[in-house]
Amino acid sequence: MMPIKRKELPDVGELVVATVREVYDYGAYLNLDEYGGLEAYLPWSEVASRWVRSIHDVVKPGQKIVVKVIRVNRKRKQVDVSLKRVNDNERRRKMMEWKRAQKAEKILEIVAQKLGKTLEQAYEEVGWRLEEAYGELMAAFEEAAIRGEDVLREAGVPEDWVGPLLEEIRRHVEVKRVKIGGTIMARSFAGDGVERIKEVLLSVKEAILESSRDIKVRLYTVGAPRYKLELDAYDYKTLEKALEKGLEVGEAKAKELGVIFSFTREKR
């Protein structure tokens with residue numbers, strides 16, 4: 001199954017997944033998987049940046065490759081691509097995106113079949129709306145797995161799709177949580193120092209929890225005056241923002257109560 005693209009032809013500079021169809025001494029003909037098998041030409045000069053004895057040593061019929069679009073003749077619907085202009089990071093990232101798109105499309109197709117609709121209808125009624133809202137179909141599904149039906153409704157998904165789609169998303173999409181943490185050092189020489197330290201630590205924890213409902217926090221002693229702080233959520237951006245807020249509040253409270261306060265970050 002090939003993930004459907006909304007546009008008919010790729011743009012110059014775009015990375016595309018292709019299947020090698022035929023290989024000749026002067027170049028190779030490919031089918032662009034994301035564009036309905038549209039034919040593309042890979043010139044011999046664009047196969048490799050290093051010297052190779054034969055093009056057949058680099059590409060073979062049936063091989064799945066990532067190429068970069070270098071020319072598009074929209075009138076004739078002709079596309080030329082390059083293999084040598086794609087670096088390893090781009091190749092890995094594009095293949096991951098393509099596999100995510102395949103999985104997301106399969107979920108959409110399953111729901112469409114349950115509703116008696118075609119895959120094309122699914123994209124028209126649901127897929128394109130979610131892509132416009134989240135940039136990627138799987139990204140929308142992951143957000144729905146976390147936040148529920150509101151994600152779908154906010155993107156304009158028709159009501160008859162909401163329940164069945166969310167059910168299928170929760171069956172097939174697992175969003176991994178990520179973690180960050182470190183060690184808080186908190187000391188007080190006051191008579192009620194223990195209570196002051198507790199108040200500081202509580203202020204840190206409360207500030208973190210208030211910053212996002214998706215965050216989980218663990219704060220425990222590893223031997224006074226050292227306290228372990230662990231946070232986990234669905235993305236690092238949320239965690240970093242919450243940690244910054246928690247430490248800001250904790251430092252202010254420590255200053256107010258005369259508690260010596262510092263934080264050492266754990267390396268990821």
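These are my notes on strands, salt bridges and aromatic contacts in a predicted model.

**Entry 1. The annotated span**

I began with the record. The UniProt entry, which is unreviewed, places "domain: S1 motif" on residues 13-84. I looked up the make-up of residues 13-84 and found 51% strand and 0% helix. The C-alpha atoms at the two ends of the span are 13 Å apart.

**Entry 2. β4 and β5**

I then took the pair β4 and β5. Strand β4 covers residues 64-73 and pairs with β5 through five bridges, in the antiparallel sense. I checked one position by name: K68 has S82 in β5 as its bridge partner. Four residues lie between the two strands of this hairpin, and K77 has a positive phi near 60 degrees.

Is β5 enclosed or open? Strand β5 runs over residues 78-82, and four of its five residues are buried, so the rest of the structure largely encloses it.

**Entry 3. Salt bridges around β4**

I counted salt bridges next and got 31. One of them joins R74 and D11, with an N to O distance of 3.0 Å. R74 sits in the loop between β4 and β5, whereas D11 belongs to the segment before β1 (15-24), so this contact ties together parts 63 residues apart in sequence. I looked up the accessibility of both partners. R74 is partly exposed at 46% relative accessibility, and D11 is also partly exposed, at 34%. I followed the contacts outward and found R74 and D11 in a network of salt bridges with K7 and E14.

K68, already noted for its bridge to S82, has a salt bridge of its own. Its side chain meets that of E90 at 3.6 Å, N to O. E90 is in helix α1 (residues 88-114) and K68 in strand β4, so the pair ties together parts that are 22 residues apart in sequence. I find both E90 and K68 buried.

**Entry 4. The sheet with β6**

I moved on to the open sheet of four strands. Its order is β7-β8-β6-β9, with antiparallel pairing. Which strands stand at the edges? They are β7 (216-223) and β9 (260-265); each has a single partner strand, so one side of each lacks a neighbour in the sheet. From one strand to the next, I get an average twist of 25 degrees.

I looked at β6 from both sides. Toward β8 (residues 226-233) there are eight bridges, in the antiparallel sense. Toward β9, strand β6 (residues 178-187) has six bridges, and these two strands run antiparallel. G182 serves as a check on both: its bridge partner in β8 is L229, and its bridge partner in β9 is R265. I also noted T183, which stands opposite T264 in β9. Of the 10 residues of β6, seven are buried, so this strand is largely enclosed by the rest of the structure.

**Entry 5. R177**

I looked up R177 for its contacts. Its side chain meets that of D232 in a salt bridge, at 2.3 Å from N to O. D232 lies in strand β8 and R177 in the loop between α5 (159-172) and β6, so the contact ties together parts 55 residues apart in sequence. D232 counts as buried at 14% relative accessibility, while R177 counts as partly exposed at 28%. I also find R177 over the face of Y234, at 4.7 Å from the ring centre.

**Entry 6. Aromatic pairs**

Last, I went through the rings. There are five aromatic pairs in the structure. In one of them, the ring centres of Y24 and Y29 are 6.1 Å apart and the planes stand at 80 degrees, so I log the pair as edge-to-face. Y24 is partly exposed at 33% relative accessibility, and Y29 is partly exposed at 22%. How are the rings of Y123 and W128 set? Their centres are 4.6 Å apart with planes at 40 degrees, so the pair is tilted. Y123 is buried at 3% relative accessible area, and W128 is buried at 6%. I traced one aromatic cluster, formed by Y24, Y26, Y29 and Y41.

Key: Residues numbered from 1 in each chain as written. Predicted model: local features only at pLDDT ≥ 70, side-chain atom pairs only at ≥ 80, totals over all residues. Heavy atoms only, no water. Buried < 20%, exposed > 50% of the residue type's maximum accessible area, 1.4 Å probe, protein only. Pairing = 2+ DSSP bridges. Phe/Tyr/Trp six-rings, centres within 6.5 Å; stacked < 30°, edge-to-face > 60°. Lys NZ or Arg CZ within 6 Å of the ring centre and 35° of its normal. Axes fitted to C-alpha atoms, helices over the stretch in contact; angles between N-to-C directions. UniProt positions renumbered as here; feature names shortened; annotations may be inferred. Salt bridge = Lys/Arg side-chain N within 4 Å of Asp/Glu carboxyl O.
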